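User: I would like to learn how to read the packing of a helical model, starting from the general idea each time and then turning to the case at hand.

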Amino acid sequence: MSSHAVVDQAIGIVVALAGLRTEDAWHVVREISQHTNIKMRHVAELIVEWAHTGHLASDIRHQLQKSLTNRRPVLPEAG
């Protein structure tokens, strides 16, 4: 059950970040998982952690940018 909660939180973050519909944000998180070969639950944990700390691993950030490119403008660079 907790893995569903963290995935839902990550989807919410992507929705807020990129203004996507929930379904599209789910596809973004799934694409990141598939293209980085990291379980979706763990990708979601990293995205939620990013929302709290401002740090996102470069491979996850790159794939998030890539996944959003066809949907929304690219994320700003980390500060």
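Analyst: What follows takes up the core, then one helix, then one serine. This is a predicted model, in which local features need pLDDT of at least 70 and side-chain atom pairs count only at pLDDT 80 or more, while totals for chains, interfaces and linings use all residues. Residues are numbered from 1 along each chain as its sequence is written, and side-chain values use heavy atoms, with hydrogens and water left out.

User: Which residues have the most contacts inside the largest nonpolar core?

Analyst: A nonpolar core is a set of buried Ala, Val, Leu, Ile, Met, Phe, Trp, Tyr and Cys residues joined through side-chain atoms within 4.5 Å, where buried means under 20% relative accessible area with a 1.4 Å probe, protein chains only. Here the largest such core has 21 residues, and those with the most contacts inside it are Val14, Val28, Ile32, Val43, Ile47, Leu64 and Leu68.

User: What is the distance between the end C-alpha atoms of H2?

Analyst: Helices are DSSP runs (H or I, at least four residues), numbered from the N terminus, and the expected span is 1.5 Å times one less than the number of residues. The 15 residues of H2 should span 21 Å, and its end C-alpha atoms are 21 Å apart, which agrees.

User: Is serine 67 buried or exposed?

Analyst: Serine 67, in helix H4, is buried, with a relative accessible area of 3%. Its side chain joins that of glutamate 31 through a polar contact of 3.1 Å (a pair of N or O atoms within 3.5 Å, one able to donate a hydrogen and the other to accept it; residues adjacent in sequence count only if both atoms are side-chain atoms).

Note on methods. Buried means under 20% relative accessible area, exposed over 50%, partly exposed in between (1.4 Å probe, protein chains only). Helices (H or I, at least four residues) and strands (E, at least two) are DSSP runs, numbered from the N terminus.
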